[in-house]
Amino acid sequence: MNPIEADVLVIGAGAAGIAAARSAHEAGAKVSLVSLAGGATALSSGVAWGHARDPFAQWAAGDVFRLGGRYVTVAGWVIANAQGALASLLDLGAVTGMVGVVDLATHPSWSAKLIAETLGARIVSAPFAPEGETFRETAARFDTDGIAEGVAARLRASCEGLGAVLFPPVLGLRRDDVSARMTAVLGVPVGEAAGGAGDPTGVRFERAMRRWVPDAVRVIRGRATVLAGSRAAARLDDGNTVRARAIVLATGGLTGGGVVFDGALREATAGAPMWTRTRERIAARSGAERGADPSAWFADGQPRGVGVRVDARRRVLDVDGEAAVAPWLFAAGEVATALDGEGLVDALASGARAGAEAARHARGG
């Protein structure tokens, strides 16, 4: 097989990987992106949170995302410090008047009574009974032309005097316009609550983010393993090789598969040294086989976070925590949790920086 050539190879197509691929492309690099799955991005609630807002503010546009906002979750929590969210979610901060909460009683994870009490809202009886349906199944029904509009029309009489109508996370699985279609019929904002892991909001969030990948970026489906040596190269699971000038690891943490535990915690793609968030190195062999205390991975009862450690340019550091493993190996997102923050916009920020630095290295900088 002829090897694939790239200036920058990004491994992982979640939030950090997409940001890295886009920023490297914008810096003039020829980019290949290895995509196995969306990782933790597909588990999104639909709300973007974190501290580093710039990349999200730069890229969020159109009618899919909005910046800022205040949202309620299916569990009744109010998110007051969101950086942004899917436009289909109901922004409580923009609502004037009372909210009506649609009672889909057949969904066990949705309690209209709990949400109504949290918001001081009014319960609205559902005009249909999706008995036994999951959120995804109901959301898929709303994708069909006419279904969402019909439900909204049947709600009109019971929603008189309301300032907005809130659904559980069911406003579309493959389409992004369901809330807008229902809003047009009812004449007041129609939105949904932030979902949980695996809910339709995460499916739509991941798909919307993938639109940020420039057409010029070559997307390779599968898994990649970084090859040891002085040159940047990776072996694909189909046996082909990608040769690059720089590589960005954006493979995720334990959820995304960038970090694995098989008797020891290890970085799965390049075999890079692992660290806790508090910058304590995790031995290559650790855990019960070494008699290590698992509580060392926690501080004050909270996970410290584990991942590779990076320098200011986001190059992966070696066992001494000072020298780079290789001048061409960079990392972003949850796999680099030893230094990164938390949340989607932090992953975007670290990916954008890693992509730019990888492109700089590819140019000889």
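The largest nonpolar core in this predicted model has 47 residues, and those that touch the most other members are Val-8, Val-10, Phe-56, Phe-65, Met-209 and Leu-348. Helix H8, which runs over residues 344-362, gives this core its largest share, namely nine residues. Apart from this core lies another one, made of 36 residues, including Val-74, Val-99, Val-102 and Leu-166. The protein chain around these cores has 365 residues, of which 53% count as buried, and its secondary structure comes to eight helices and 25 strands.

**The chain as a whole**

- When contacts between residues at least 6 apart in sequence are considered, 66% of them join residues that are at least 24 apart.
- The protein chain exposes about 15,800 Å², and 50% of this area is supplied by carbon and sulfur atoms.

**The largest core and the helices beside it**

- Leu-348, one of the residues that touch the most other members of the largest core, is in contact with Ala-15, Ala-19, Pro-55, Phe-56, Trp-59, Met-209 and Trp-212, once residues up to four places away in sequence are set aside.
- Asp-346 has its place in helix H8, the helix that supplies nine residues to the largest core.
- Asp-346 counts as buried because its relative accessibility is 12%, which is under the 20% that serves as the limit for buried residues.
- From Asp-346 to Ala-332 the distance is 9.5 Å, taken C-alpha to C-alpha, while the two residues are 14 apart in sequence.
- Helix H7, which covers residues 200-210, is mostly covered, with nine of its 11 residues buried.
- The buried residues of H7 include Met-209 as well as Arg-204 and Glu-206, and Pro-200, Thr-201, Gly-202, Val-203, Phe-205 and Ala-208 are buried too.

**The second largest pocket**

- About 240 Å³ of space lies in the second largest pocket, and of the 18 residues in its lining, Arg-66, Ala-87, Ser-88, Ser-179 and Ala-180 are the closest to its centre.
- Helix H6 (178-186) and strand S12 (190-192) each supply at least two residues of this lining, and H6 gives the most, with three residues.
- Sorted by class, the lining of the second largest pocket holds nine nonpolar, four polar and five charged residues.

**Ser-179, a residue of the pocket lining**

- Ser-179, which is among the residues closest to the centre of the second largest pocket, has its place in helix H6.
- Because its relative accessibility is 8%, Ser-179 counts as buried.
- Leaving out residues up to four places away in sequence, Ser-179 touches Ala-87, Ser-88, Leu-171 and Val-190.
- Although Ser-179 and Leu-89 are 90 residues apart along the chain, their C-alpha atoms are separated by 8.2 Å.

**The largest cavity**

- The structure holds one cavity of 30 Å³ or more, and the volume of the largest cavity is about 40 Å³.
- The residues that line the largest cavity are Asp-63, Val-64, Leu-86, Ala-87, Ser-88, Asp-176 and Arg-204.
- By class, this lining has three nonpolar, one polar and three charged residues.
- Ala-87 and Ser-88, which line the cavity, are also among the residues closest to the centre of the second largest pocket, whereas Arg-204, another residue of the cavity lining, is one of the buried residues of H7.

**Gly-100 in strand S9**

- Gly-100 has its place in strand S9, which covers residues 99-103, and it counts as buried because its relative accessibility is 0%.
- Apart from neighbours within four places in sequence, Gly-100 is in contact with Arg-122, Val-124, Leu-162, Ala-164, Val-165 and Leu-166, and Leu-166 is listed among the members of the 36-residue core.
- The C-alpha atoms of Gly-100 and Arg-122 are separated by 4.8 Å, while the two residues are 22 apart along the chain.

**Arg-314 and its backbone**

- Most residues other than glycine have a negative phi.
- Arg-314, which is not a glycine, has a positive phi of about 70 degrees.
- Arg-314 is found in the loop between strand S24 (306-307) and strand S25 (329-331), and it counts as buried because its relative accessible area is 9%.

Definitions and conventions:
Residues are numbered from 1 along each chain as its sequence is written. This is a predicted model: local features need pLDDT of at least 70, side-chain atom pairs count only at pLDDT 80 or more; totals for chains, interfaces and linings use all residues. Side-chain values use heavy atoms; hydrogens and water are left out. A nonpolar core is a set of buried Ala, Val, Leu, Ile, Met, Phe, Trp, Tyr and Cys residues joined through side-chain atoms within 4.5 Å. Buried means under 20% relative accessible area, exposed over 50%, partly exposed in between (1.4 Å probe, protein chains only). Helices (H or I, at least four residues) and strands (E, at least two) are DSSP runs, numbered from the N terminus. Contact means heavy atoms within 4.5 Å. On a 1 Å grid over the protein atoms alone, a cavity is a set of points where a 1.4 Å probe fits but cannot get out, and a pocket is an open set with protein on both sides within 12 Å along at least five of seven lines; lining residues have an atom within 4 Å of a point. Grid points are joined across faces, edges and corners, and a volume is the space filled by probe spheres set on the points. Ala, Val, Leu, Ile, Met, Phe, Trp, Tyr, Cys and Pro count as nonpolar, Asp, Glu, Lys and Arg as charged, and the others, Gly among them, as polar. Accessible areas come from the Shrake-Rupley method with a 1.4 Å probe; for residues, only the protein chains shown count as cover.
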